[in-house]
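The exercises below invite you to work through parts of one model, step by step, with a solution after each task. Please look at the sequence and the structure before you begin.

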Amino acid sequence: MGVKRKSGGFVLRVNPILCDGFGHCGELAPDLVHIDEWGYPMITTQPVPLANLSALESARYAVRGCPRQALHIERTAETI
Amino acid sequence: MIAERTLPRVLHGASGRPLSLSQHESAFGASTSGPLLDHLEASGLTGRGGAAFPTYRKARLLREHRGHHKLVVVNAMEGEPAAHKDQTLLATNPHLVLDGARMLASTIGAKDIAVCVSRENVTTVNNLQRAIHERERRDERGVRFELHTPPQRYVAGEESALVHWLNDNESLPQYRARRPHVLRIGHAPALVDNAETCANVALIGRFGADWFRGVGTQRSPGSVLVSVSGAVERPHVLEVALGTPLRTVLRHGGADTDPQAVLLGGYGGSWLDAEHLDVALADETLVPLGASVGAGVVVVLARSGCGVAETQRIVRWMANESARQCGPCAFGLPALASDLAHLVNPGRDASDAYERLVERCGVINGRGACRHPDGVVRLVRSALRVFASDVEDHRRGHACAGSRSGRHYATVPHLEREEELVWE
Amino acid sequence: MSALTSPYLWYSTRATGMVTMGLFTLVVVLGTFVANRVGGDRFGRFEINELHRSVSMVAIVFLAIHVITTVADSYVPTGVLSVVVPFTSAYRRVAVGVGAVSLDLLLAVWISSLLKARIANTSWRFIHWFSWMAFATALVHAYLTGTDARHGWGLALLVLCAASGLAAALWRFLARPTRAAGRTALSPLTANATLAPRAQGAPPSRPNAVAASRGASRPTSRPLGSGSRSHSNPPSTYTHDAERPFKRRPRP
């Protein structure tokens, strides 16, 4: 699933048009995603360091598990 | 040649009818070609459609982008109900707009220009049709103009929605993951600019950047078309220099001299309290007060009106104008409208409605594909701030006199189908 | 090919056929659970989704055994081609043909799901709707092929699978969740036909057509009912062709 990097960060991003509020991401990546009252995800916009492997793994599961393929992981240069 | 430091500029030569091509050339001189991009950069022109993005940066991005058949799209949709500046401009100087589009096209290397105006705006469609025919008769080689008429909706004027219409006949905003994003029509990169921006480009191309900076402020150069409505004798469109005090603009627009507040920017803009009416109409002075010039919309609210009720009517309409692609907008905006309604006609749950309103504003903000929900949240937050005392009264259960009078100042198009709203 | 036959090939094909039918019924029911957003309290929704995917993989393995044992068995001269080309079998042309139709549809669904991350989601959904048809034709194939399905336990299993599938289809249609847009699903089940869309057709961009379309697109206004709360999918007035519910959207 890609080379492990120790520097840099990532952001989990949603395409709000494709998203249909299934909520699988909220279950698979609860640290990154909160579900609002209408079932749609609120994702932290702060970049998470790539070294945080559990967060990255949960983000990858969320991307794979989304029924509408609405999520993608964006690498950012800076970390928190 | 328009003299330096004078107005009007884009509305120069206004008579009862739109200027024909020959009248246009005698009023403005023949159009020139030259290093437009440098002039645009030096002039500091920003987009007049509401987002105020630097025009030269957009043009440069399109020029450097690879692509054979590039397009220029002139956005004259004017989805804002309180704005009628683009239709006024096109009823006065359609050829100025077309000139600007042609100059932009030659700068980026485009051969086709799509002029988009709402199909329900029959007068403007006819004006443009006539202007385009005049150019075709003149047999100008190099560029081809095409008129497109999407249906009138608020978000149809959003640039990605316009491009989506030209691609697929659906006025739906698109999701853009990375900005800057180059919009495409088919495979062709497209430069989308507002009609007023194109008119200013035409003037800069003729008279230069220094001439353009002759009016306005250092950081907001040039002139802007302002649509004044609300508590006015009749709605006006004025061309004002950026940096003019707002009170002067209102006076020239025939507005109520002692208003309660004004709504600036558009229905996705912000309210401004009347105590700040001496502020200069420019982004650098308005942004610290939580407002912006936006699409040049000024809606005046008289003292006899209720800001909360006006906001509720606007938000209800804006909720219906959602494209309903994104959950937070499709469900959140009607929820905001419903909470505001509970606040305007206060029952026992007015305080809960207020709490929900504040919380939902934070939840909805920034989670749509386009900036429509952000605009509504900005409007609601500014209303809660500017009309704080009225909001307090409503929260306690006492509707203010203005809301009971039922007099409305902001023109909100009639909602034809109630079922279109999604309620909880 | 030399005459390769054995009662065990014949029994295997019948047995794996029944198991496949049962497993795919489970897959369809689980898929309906996913679509109707079941779960969240005791079962994670993603778990039901994963179960749906896993059971379908198992079902495909059993289906593969079913097909291979049928083709390999010369007792029933079906031929290899008839597995995917419908109605070319020498043995029970119609029954095996219907099975081939079902297999073709299932192959499309399966391959599109394997490539789900790479194709546009709207394309994937369009193909996935055909899984219902694959399921229905599989049941028809089971009945027509009929060695076991016409009596006794085989018939009971077939009836159970058919009833479950029908119940799932009914529940899928009736309990579909409120979506933000009434037009996201590329299927006739989208409830966007309740009101006429505001703009009609693909108009030419000419002023003389503007007046015509203005007149045509004026909808009849309905009186406002008190407390008219609509929980159905809100119709979109953006798309101008309700006659073409299968309109595809461009890849984002």
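**Exercise 1. Find how strand 2 (residues 110–117) of chain B is joined to strand 3 of chain B, and place both strands in their sheet.**

Solution. In this predicted model, strand 2 of chain B and strand 3 of chain B run parallel and are joined by 5 bridges. One such pairing can be picked out by residue, since B:Cys116 has B:His148 in strand 3 of chain B as its bridge partner. The next step is to look at the whole sheet, which is open, has 5 strands in the order 3-2-1-5-4 in chain B, and shows mixed pairing. Strand 3 (144–148) and strand 4 (184–185) of chain B each have a single partner strand and stand at the edges, so one side of each is left without a neighbour in the sheet. As a general point, strands of a sheet pair through backbone hydrogen bonds, either parallel or antiparallel.

**Exercise 2. Describe helix 6 (residues 122–138) of chain B by its span and its buried residues, and state which strands it touches.**

Solution. Begin with the span: the 17 residues of helix 6 of chain B reach 24 Å from the first C-alpha to the last, close to the 24 Å expected at 1.5 Å a residue. Next, list the buried residues of this helix, which are B:Thr124, B:Val125, B:Asn127, B:Leu128, B:Gln129 and B:Ala131. Finally, turn to the sheet, on which helix 6 of chain B packs by touching strand 1 (70–76), strand 2 and strand 3 of chain B. The direction of helix 6 makes about 165 degrees with that of strand 3 of chain B.

**Exercise 3. Determine how helix 4 (residues 85–92) and helix 8 (residues 195–207) of chain B cross, and which residues meet.**

Solution. The two axes come within 9 Å and cross at roughly 45 degrees. This angle lies outside the ranges for roughly parallel, antiparallel and perpendicular, and helix 4 and helix 8 of chain B are therefore oblique to each other. At the contact, B:Lys85, B:Asp86, B:Leu89 and B:Leu90 of helix 4 meet B:Ala195, B:Glu196 and B:Ala199 of helix 8. Sorted by class, these give 4 nonpolar, no polar and 3 charged residues.

**Exercise 4. Characterise the contact between chain B and chain A.**

Solution. Count the participants: chain B supplies 12 residues and chain A supplies 11 residues. On the side of chain B that touches chain A, helix 13 (residues 327–344) of chain B gives the most, with 4 residues. By class, that side has 7 nonpolar, 4 polar and 1 charged residues.

Key:
Residues numbered from 1 in each chain as written. Chains lettered and ligands numbered in written order. Predicted model: local features only at pLDDT ≥ 70, side-chain atom pairs only at ≥ 80, totals over all residues. Axes fitted to C-alpha atoms, helices over the stretch in contact; angles between N-to-C directions. Helix = DSSP H or I, 4+ residues; strand = E, 2+ residues; numbered from the N terminus. Parallel < 35°, antiparallel > 145°, perpendicular 65-115°, else oblique. Contact = placed C-beta atoms within 7 Å. Nonpolar A, V, L, I, M, F, W, Y, C, P; charged D, E, K, R; others polar. Expected span 1.5 Å × (residues − 1). Buried ≥ 20, exposed ≤ 12 C-beta atoms within 10 Å, placed from the backbone. Pairing = 2+ DSSP bridges.
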